[in-house]
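Got a minute to poke around a protein together? Pull up the structure, and we'll go through it by question and answer.

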Amino acid sequence: MDSRAQSDTHPHTLILRNWIAGKPETTGSSTESRNPGDRDDIVALAPVTGPDDVRRACEAAKGAQGRWAARPAPGRAQILGRLGKLLTQRKEALSQFVSREMGKPIKEARGSVQEAIDTAEFFQSEGRRLYGQTVPSELPNKELMTYRRPVGVVGVITAGNFPVAVPSWKIIPALLCGNAVVWKPSDDAPGTAALFGELLRAAGLPPDLVSIVYGGGAGSTGEHLIDQVDAGLLQKISFTGSTAVGRKIGEVCGRNLQHPSLELGGKNPLVVLADADIDLAVDGALWSSFGTAGQRCTSCGNIIVDGSVMDEFREKLLARAKTLRIGDARSADIDYGPMINARFLDAWKAQRQVGLDDGAKLLLDGHTIDKNSDYTHFSGNAEKGHYATPRIFDAVTMNMAIAQTECFGPTVNLVTVSGVDEAIAAANATPYGLSSAIYTQDAHLMHRFKTEISAGMTSINNSTTGAEAHLPFGGNGWSGNGTRESGIWVIDAYTQWQCVNVDLNGQLQLAQMDTEELPEPQLDDWDALDSSGK
Ligand code: UN1
């Protein structure tokens, strides 16, 4: 018995089983994962995991973690390198599956699988470093050194918009550092999680090292997993999702004196200054705002434009936004696909009235696509998918609710400012601080923006998205709790430092007490220094 089977009645539907302590397990209840572009297509049936099963998964992970941590780091890393090779071999199949299950255009799906490959390759070589330090002692014949030690069992909770890349950002470095993982993937993409889990095991990871428990978030499996922090069975949570849920996780971890990794929301600004290359800025704004149907934490929320170029920018953005091609995610000829789920679609629908109540103007009135829609650039099946056309609000000011609140969908605000000071102030005027972008050709203004913006990620003359596997990813303020994913920085999230001293002196020596005393400085003649110059 494996972690998945093919349905007899629906041959395209995967029947998933939890993977707990190295074995597949069936539970009573299950949920469906449907293709958001074709709601008749049931991609997977996944269990909903109750508290007892989640607890067992965490208990079992402890033993697996100890055995894994005892393996030398380069050996652990070698397995992760093999994962990278397996992902490369299966890239197309996995990308097609991602696209079908959560509705990301196939080109983007390939890019997101590539991000996981890059992550595996990066951490394969990091296993030959995972450096500690040698440190000089204040005492003779004594050696000091530092080691990175694993944290323990890590609970990983991920979102559906990057169902391979973001889990890989967490699981790969967590494992490299000698931890075990209990993963609750998004209920929007359980099938993708099952395939990724299979590749992890095929690469040679001990089967009991990564458990996968399916289910929902609030009031469901995600919450049961968080409960294991209070139960003492998890030493860390790594979460990507909403700021509201991140706060709750932070509270639970805080009272247990743990430091979770929280990658949360954003209301990312893209600034266009008077001297910008407007066509380039329109390209970046269009992609940042509507790429992935606006369902990235790095999507642009506010486009902040200098008044002197606003008319030109607005006209060009509007003309392009009206022609965005929307349709089935696996078609090569679309700009964006369906909304990932009905919840995101409903929140996006509700945002329209919020903007109107704020007093903002609808420059482009986005709407859901149904069989009566006349949107000419649509190629999907309107009756079967969650589709939405682009929405642009104009005359937005930073005190409006729509300027302050993240909305995961194809919507963006135009904010007019005068000069760089106002532009930077507007860009900093939300409680978030994930990504940011500026378009200018002036090196001094680039410098001002990158030093004065509060954001974990800043692009100059590029869009608000576009993480790379070896750069720190994360944000300030409401966008997280200061931890970063990826690159060498994430290693701090999955290790804790141990310092060791080795005393070769043969006699007890005490730090700060048995150190050599220096003679008193002799500087009496300084009192006689005459600085008058006479
Ligand atoms: C997210 O939306 O949670 O840079 C992550 C980007 C992507 C990652 C986004 N590579 O937009």
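What follows is a short chat about the ligand and the empty spaces in this predicted model.

Visitor: Which residues are around the ligand, by class?
Guide: Let's start with some names: the residues around the ligand include Glu115, Trp169, Arg296, Thr298 and Phe473. Sorted by class, the shell holds two charged residues, five polar ones and five nonpolar ones.

Visitor: How far is an oxygen atom of the ligand from an N or O atom in the side chain of threonine 298?
Guide: Take a few polar contacts in turn. A ligand oxygen is 2.9 Å from a side-chain N or O atom of arginine 296, and one is 2.8 Å from a polar backbone atom of glycine 466. For the side chain of threonine 298, the distance from a ligand oxygen to an N or O atom is 2.5 Å.

Visitor: How much of the ligand's accessible area does the protein cover?
Guide: Picture the ligand on its own first: it has 320 Å² of accessible area. With the protein around it, the share that gets covered is 97%.

Visitor: Where does the ligand lie relative to the domains?
Guide: As for pockets, the ligand sits in the second largest one. Domain 1 (24-264 + 486-496) gives residues to the shell around the ligand, and domain 2 (268-468) does too, so the ligand lies between domain 1 and domain 2.

Visitor: How much space lies in the largest cavity?
Guide: Searching the whole structure turns up four cavities of 30 Å³ or more. The space in the largest cavity is about 100 Å³.

Visitor: Which residues lining the largest cavity are closest to its centre?
Guide: The lining has eight polar, four nonpolar and three charged residues. Out of the 15 lining residues, the ones closest to the centre are Ser299, Cys300, Gly301, Glu406 and Cys407.

Key. Residues numbered from 1 in each chain as written. Predicted model: local features only at pLDDT ≥ 70, side-chain atom pairs only at ≥ 80, totals over all residues. Heavy atoms only, no water. Near = heavy atom within 4 Å. Polar contact = N/O pair within 3.5 Å; in protein donor to acceptor, adjacent residues only side chain to side chain. Areas by Shrake-Rupley, 256 points an atom, 1.4 Å probe, with all protein chains shown as cover. 1 Å grid on protein atoms, 1.4 Å probe; cavity = no way out; pocket = protein on both sides within 12 Å on 5 of 7 lines; lining within 4 Å. Sits in = over half its atoms within 2 Å of the grid points. Nonpolar A, V, L, I, M, F, W, Y, C, P; charged D, E, K, R; others polar. Domains from an automatic or database assignment. Points joined across faces, edges and corners; volume = space filled by probe spheres on them.
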